[in-house]
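Student: Please pick one part of this model and go through it closely. After that, place it in the rest of the chain, with the numbers that support each step.

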Amino acid sequence: MRQSLSFFPPAITPDLYFWDMLPYAVPGLLTFVVGMVLGIISLVRATRRERFGYYVSFGVTCIAFGALGLVISLRALIQDTTTLLRWNTYIYPFVVLLSPASTHLINYILDKKFQRAVAFAATLNWLFTLSALFSIFTGRAFTGDFLQYSFGKFPVAALPLKLWGAGSALTFITIGLPLFYLYKKRNSFAGKHLLFFGHSLLLILTISNLPSFAGFPLFPGATFSFIPMCIMAYGVFNSDFRNLKDFFFEKNALFYILNVIAGVVLLSLTYVILFRFSPAHYETLNWQTWLLIPVGSIFFVVALAILIGGTNPTNPLNQYGAFSLYIFGFLLLSVIIGGLSLKPLMAHRIEQLCYMVFGLAPSVQLRFAYLSLNRPAPKFRRVLDILSLALCIMAMTPWLFTGYFEYPWGRISQAGPVIQIFGVVGFLAIAIVLRDWWKSRNRANPNQLGDISVLYLATGGLMTLGNLPATMGIEFYPIGNLTIIPTLIMTYAILKYGGKTLKTESLRISALLLPFAFATVGGFLYFVWYALPENASTSSRILHLILAGVPLTLFAFLATFVLIRPVAAKIDITLNNLQVEKDRALHSKRETERQKDETEKLNRLLKSLNEEIDLKVIMGKVQDYVAESFGVDWHALYGVTSDKHHLQMLSLHVDGAVPEADRKAVEKMQMPLGAAKGAHAHVIRTMKAFYVPNTKSRRILEASSAEEYAILQRYDLNSFLLLPLVLNNEPVGILDFSSSKGKINLSRDDISRLSILAEQITGIIYGSRLFKQVQEEREKSEKLLLNILPKDVAIELKEKGFAEPVQFDAVSVLFTDFQGFTKIAEFLSPSELIKELDACFVQFDKITERHRLEKLKTIGDSYMCAGGIPKPSDTHAIDCVLAAIEIRNFMAQMQEIKKSLGEPYWELRIGIHSGPLIAGAIGEKKFAYDVWGDTVNTASRMESSGSPGKVNISGTTYELIKEFFRCEYRGKVGAKNKGEVDMYYVIGLKPEYALDSEGRVPNGKFWSAVMLPGALTA
């Protein structure tokens, strides 16, 4: 059975008034605590005599603003006006110091550049302050009247105090702000923007108090001064640590903050249980057994928080883990408070305070989870930070809880809108962590501690969300009270996988001191047992001791870690230094061995390179070496061009993912050496190595040449090393090592080793280039020789120095000549004439080569070739006739094209004769392969006796080809110096041997017949 009750009875008694007004006082109390802590730290820091006045002025300013926050809080909490006026009189002497102290602080913020103006403002503020102090000490600071607001009772200030407030505000507005503006205009605010912003915000919040002093019901903004004070503290103390991480962890700040707060809470709980409760109070409870569940959970949660945080205060993982556990502890504390059946309003306010801390849960637990997983927190964690801070603020509003329900297991507060937002934000944080954990669950290196930490957070978070049904009136036990279950899981993970998080002197020393601490607590509780009323039931007395003993035992556990921290820290530092020296010696030994191995590996490589002359093979071995030793996946070898204006690519190895077209484009790219920008040009000028570990640097990108920038951006290279190749004190090239998969981390020794490699391979590469040039020149000469002479004749000439002429019995000789060449030449320039003639002869060369004819020479516009030499052939006549037909057809096509363009054209005569001749190369210089004999002369007469556009053959040649070709007999035709000779015009292939009707292209039957032995006879 459940019932809903109201929270707020009429606030008549001082206690109820205190709890009713507490939300208005909380910001001021925070300001008081922050102000006192920062003030004391700053005054202690001033004892170093470094910038004494700077730290003193800041310390006094913080104390003054802390006192102001306390005054405003007391105005909300104290109902009795006489008591309130007395406390205002006691505290205000500290408050009025804020105006001169802040003015002196302005002087240091502005580097004492406006001392006259600041001195004038300080003088005015001191006059106002001394007047206010005099009125306070003489009892005339307040009139005795009060302004009643919903947020407290404000005593009406007398004239001196009013002048102090108005004068301080006016001084800051008319002098302070203009000086800030002038300083910013003339100087840089770099490093001081936090001081400027924090100080200005601090005074603006103070000025916002004036309406409440004047009778306007505006909540005083100075109660939130803890925010600008924290901002200023970071600006003031930033020289004492590198960053916030250094402050919170290396300086152990977060450790002390968490444990001091936890210690105060634990001692307060012990005091309240022992002196404000009695066993008789528990007799009225119907759920004593149920109360033990959250008590047990809070004991294990806080104990584990103390263990994790205390063993390694410098480790962020430990501190965020402890913070996360403390937050769960505050949630459980709110449950216990509800179970103790306190007055509803009192229980509600305590729950609000607990939820102010619990509001940080999404932000803190998200960071702890990602630290456990060794992964960076997501960028949108800032959104969760803002939501968490908003939840902390909303916890003190009336919308956190709107009532409570009575259940068999205790009293549960009724959820308001803020609790529902808590649930949404908490679920969002858990979902984000679980999503990223799921993505990384198959990682190569399992992280058991991270996995179990995420399991702990997810389980604890989901169990906490399981409290929501009971807060909404559903009779479902709040399973968040069983946080002991995930805590035990976390304890197991820490003990088994904690490793470095627990191996510190803090744990060892605490283990020695804990028995004494627990024995002291046990003795104290023993005396408390006998001091309890004897009429109380045993169960109530046991519950009383448990409720008092749990926080006291936890405090003893915590105190051991806090008190031994300075000693443990020194021991940890000493042991760490010893370990560092040991690691350094081991590293030095390993580095020596590594350098020895690298040197041997380099020597083996150089020996291998000296055995090679192929540049491609050399650079392949170099690539294998640098890829294995240094993680290089790109290399490029550049050579300086002959004009020394560019670097030309000689060898390139790129990542396999680079497309072939891109690789070829890079190979063709040249690096200019005359440009002002460019790392390659710089290396050539200085002849020194150039190493860039991070190409993403803006300075490097701006200093790159256009070609280098294109390569860096196109292929996303991360780092590179350029080594000059120097020969005889002249740069001859560059060896370029780059990486696209990761950064190349090179030490000075690595660069020196690679520089030695560059020096060694310079000579090797230069030698291989000379050898290659010699080979290329040899190949060129041989190719040229083969263009002049047949291969067999060329080989014989190279081996013997001469070539014997050879008698051939069956050879066919082909002559061509252009008719009207001289006439057409009159209309063409010499270059055009040669171009036309060359185009024809290039086609003749291709045709003769295709038909296995040997080109002999060209004489003017005449072309001569022969079949059957230098290797005898049974088809020499057929080969010549086929080539002649193809040449005739080519010239016919050319004639048609020229006619269509209206240009002059050449006509060609072709003549062929077959017979014996002598062939060879004679003479000592300018060798030429030539033929001699009557066959040659007769072939020439066949050409001169022919007609343009026709192939004229002798009767001897006709007898050799008549089986395959259609011919037209011309009869006996007179030839110069030969008399009457039988001549024939070749029409084309016979129809049965041709693919086309004109007999130009042979078919398969032709080739089969020609290849049959004995098909041709002389």
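Tutor: Two strands count as paired if DSSP finds at least two bridges between them. A strand here is a DSSP run of type E with at least two residues, numbered from the N terminus. The model is predicted. The part to look at is the hairpin formed by S4 and S5, which have two residues between them.

Start with the pairing. S4 and S5 are joined by six bridges and run in the antiparallel sense. One point of register is Tyr404, whose bridge partner in S5 is Ser413. In general, the strands of a sheet pair through backbone hydrogen bonds, in either a parallel or an antiparallel arrangement. As for cover, strand S4 spans residues 401-407, and six of its seven residues are buried. Buried here means under 20% relative accessible area. For the chain as a whole, 50% of the 1018 residues count as buried.

The other strand of the hairpin leads to the cavities. The count comes to six cavities of 30 Å³ or more. The largest holds about 530 Å³ of space. Strand S5 (410-415) is one of the elements that give two or more residues to the lining of this largest cavity. The others on that list are the helices H14 (316-339), H15 (344-358), H16 (361-372), H18 (417-439), H19 (448-465) and H20 (468-471). Helix H18 gives the most, with eight residues. In total the lining has 36 residues, and those nearest the centre of the cavity are Leu331, Tyr355, Phe358, Thr464 and Leu465. By class, the lining residues of the largest cavity are 23 nonpolar, 11 polar and two charged.

The second largest cavity can be set beside this one, with about 290 Å³ of space. Its lining has 27 residues, with Leu98, Ser99, Ser168, Ala169 and Leu203 nearest the centre. Helices H3 (81-95), H4 (98-109), H5 (115-137), H6 (159-186), H7 (193-207) and H8 (210-213) are the elements that give two or more residues to the lining of the second largest cavity. H6 supplies the largest share, nine residues. The lining of the second largest cavity divides into 16 nonpolar and 11 polar residues, with no charged ones.

A further piece of strand pairing lies elsewhere in the chain. Six strands form an open sheet in the order S8-S7-S6-S11-S10-S9, with antiparallel pairing. Strands S8 (671-672) and S9 (690-692) are the edges of this sheet, each pairing on one side only. Strand S7 (residues 646-653) is joined to S8 by two bridges and runs antiparallel to S8. Across that pair, Leu647 stands opposite Met671 in S8.

Some backbone details can be added. Most residues other than glycine have a negative phi, and most peptide bonds are trans. Met687 is not a glycine, yet has a positive phi of about 55°. Met687 sits in the loop between helix H27 (679-686) and S9, and its relative accessibility of 29% makes it partly exposed. Arg852 also has a positive phi, about 60°, without being a glycine. It lies in the loop between helix H33 (830-850) and strand S13 (854-859). Arg852 counts as exposed because its relative accessibility is 57%; the cut-off for exposed is over 50%. The peptide bond from Ile869 to Pro870 is cis, with omega near -5°. Pro870 is in the loop between strand S14 (862-867) and helix H34 (876-901).

One buried polar side chain is also worth listing. Asn259 is in helix H11 (residues 253-276). Its relative accessibility is 4%, so Asn259 counts as buried. Beyond its neighbours within four places in sequence, Asn259 is in contact with Tyr326, Leu558 and Val562.

Last, the totals. The chain has 37 helices and 19 strands. Of the contacts between residues at least 6 apart in sequence, 71% join residues at least 24 apart. The chain exposes about 50600 Å², and carbon and sulfur atoms supply 61% of this area.

Technical notes:
Residues numbered from 1 in each chain as written. Predicted model: local features only at pLDDT ≥ 70, side-chain atom pairs only at ≥ 80, totals over all residues. Heavy atoms only, no water. 1 Å grid on protein atoms, 1.4 Å probe; cavity = no way out; pocket = protein on both sides within 12 Å on 5 of 7 lines; lining within 4 Å. Points joined across faces, edges and corners; volume = space filled by probe spheres on them. Helix = DSSP H or I, 4+ residues; strand = E, 2+ residues; numbered from the N terminus. Nonpolar A, V, L, I, M, F, W, Y, C, P; charged D, E, K, R; others polar. Buried < 20%, exposed > 50% of the residue type's maximum accessible area, 1.4 Å probe, protein only. Contact = heavy atoms within 4.5 Å. Areas by Shrake-Rupley, 256 points an atom, 1.4 Å probe, with all protein chains shown as cover.
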